[in-house]
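Got the viewer open and a selection box ready? Let's walk through this one stop at a time, picking residues as we go.

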Amino acid sequence: MFDQFRNKFPLTDEKWNEYISYFNYIEVPAKTVLIEEGEISKKLFIIEKGCIRVWFNNNGKDLTSQFFFENQSVASIESFMKQFPSPVVVETIEPSILWWISKNHVDKILEEIKEIPELRDRLINMLFQRTFDYMKHFFSFIKDSPTQRYLDLIKEKPQIVQRVPQHYIASYLGVSTVHLSRIKSKLIHKKE
């Protein structure tokens, strides 16, 4: 799993091996809750195989905010970094192979790499990318129609449309499953 990342990090072999030894391997079935809403997140996960969604409960209704796939890291990042109760649930959609690392080990690595500009910058870019993704998704709810949001999803994140059940996609787009079916039907009829 980690070999593909080795040449992206300017670390000695000794340090690299130490850091990857902090990760723990798990296999979990679909619909496994990794972090509950209200729980303090103590683990960060890297996905070797599978799909994970991040969602929250709004008056009894699931609202999906993000999806994660192979080679991505996922946590309730706000809870993980600041150690306050998670505002979201992190749950597998597919049977998944994951590697997790504890908050203590992440803190140790961060403390050691902060003096290495390339690694520090890579981490900052990763965090900003997640923030940009949140902002883009948020602004799309203000300026775009549900149809436009669906078209953008097909273009920018086709793996979601290919792998995620429709009711989760509808939740992510902020529409009902019936409305999503109508959107898809209209798009099919436009092509004909």
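**Stop 1: β1 and its partner**

Start by selecting Val28 and Ser96: Ser96, in β8, is the bridge partner of Val28. Keep in mind throughout that you're looking at a predicted model. Now widen the selection to the two whole strands. β1 and β8 (residues 96-102) run antiparallel and are joined by five bridges. Another pair to click on here is Asn24 and Trp100, where Asn24 stands opposite Trp100 in β8.

Next, go to the other neighbour. β3 pairs with β8 as well, again antiparallel, over six bridges. For a landmark, pick Lys43, which sits opposite Ser102 of β8.

Now colour the whole sheet. It is an open one made of four strands, in the order β1-β8-β3-β6, with antiparallel pairing. Which strands stand at the edges? They are β1 (24-28) and β6 (73-74); each has a single partner strand, so one side of each has no neighbour in the sheet.

**Stop 2: β8 under cover**

Stay on β8 and switch on an accessibility colouring. How many of the seven residues in β8 are buried? Seven of the seven, so call the strand mostly covered. Look at the two faces in turn: Ser96, Leu98, Trp100 and Ser102 are on one side, Ile97, Trp99 and Ile101 are on the other, and all are buried.

**Stop 3: the nonpolar cores**

From Ile101, step out into the largest nonpolar core. This core has 18 residues, and the ones that touch the most other members are Phe2, Tyr19, Phe23, Leu44, Ile101 and Ile109. As a backdrop, nonpolar side chains in soluble globular proteins tend to be buried together.

Where do the members come from? At least two residues each are supplied by α1 (13-20), β3 (43-49), α2 (77-82), β8 and α3 (103-113). α3 gives the most, with three residues.

Zoom in on Ile109. Ignoring neighbours within four places in sequence, Ile109 is in contact with Tyr19, Tyr22 and Ile101. Apart from this core lies another, of 17 residues, including Val164, Ile169, Ala170 and Leu180.

**Stop 4: the other sheet**

Hide that and bring up β2, β7, β4 and β5. These four strands form an open sheet in the order β2-β7-β4-β5, with antiparallel pairing. β2 (33-35) and β5 are its edge strands, each pairing on one side only. Turn the sheet end-on and look for the twist, which averages 35 degrees from one strand to the next.

At the β2 edge, the pairing with β7 (residues 89-92) is antiparallel and spans two bridges. To find it by residue, select Val33 and Glu91: Glu91, in β7, is the bridge partner of Val33.

At the other end, add helix α7 (residues 166-173). This helix lies across β4 (52-58) and β5, running at about 95 degrees to β5.

**Stop 5: Thr64**

Now select Thr64, in strand β5 (residues 61-68). Is Thr64 buried or exposed? Buried: the relative accessible area of Thr64 is 4%, so this residue falls under the 20% cut-off. Draw a distance between the side chains of Thr64 and Arg53 and you'll find a polar contact of 2.8 Å. Then show everything around Thr64, leaving out neighbours within four places in sequence: the contacts are Arg53, Val54, Trp55, His137, Tyr168, Ser171 and Tyr172.

**Stop 6: two positive phi values**

Most residues other than glycine have a negative phi, so the next two picks are worth a look on a Ramachandran plot.

Take Lys31, in the loop between β1 and β2. Phi of Lys31 is near 65 degrees, a positive value in a residue that isn't glycine. Lys31 is exposed, with a relative accessible area of 56%.

Then jump to Gln83, in the loop between α2 and β7. Gln83 isn't a glycine either, yet has a positive phi of about 60 degrees. With 31% relative accessibility, Gln83 counts as partly exposed.

**Last stop: the annotated stretch**

Finally, select residues 25-110, where UniProt, in an unreviewed entry, places the feature "domain: Cyclic nucleotide-binding". Over residues 25-110 the chain is 16% helix and 49% strand. Put a distance on the end C-alpha atoms of that stretch and you should read 21 Å.

Conventions:
Residues numbered from 1 in each chain as written. Predicted model: local features only at pLDDT ≥ 70, side-chain atom pairs only at ≥ 80, totals over all residues. Heavy atoms only, no water. UniProt positions renumbered as here; feature names shortened; annotations may be inferred. Pairing = 2+ DSSP bridges. Buried < 20%, exposed > 50% of the residue type's maximum accessible area, 1.4 Å probe, protein only. Polar contact = N/O pair within 3.5 Å; in protein donor to acceptor, adjacent residues only side chain to side chain. Contact = heavy atoms within 4.5 Å. Axes fitted to C-alpha atoms, helices over the stretch in contact; angles between N-to-C directions. Core = buried A, V, L, I, M, F, W, Y, C linked by side-chain atoms within 4.5 Å.
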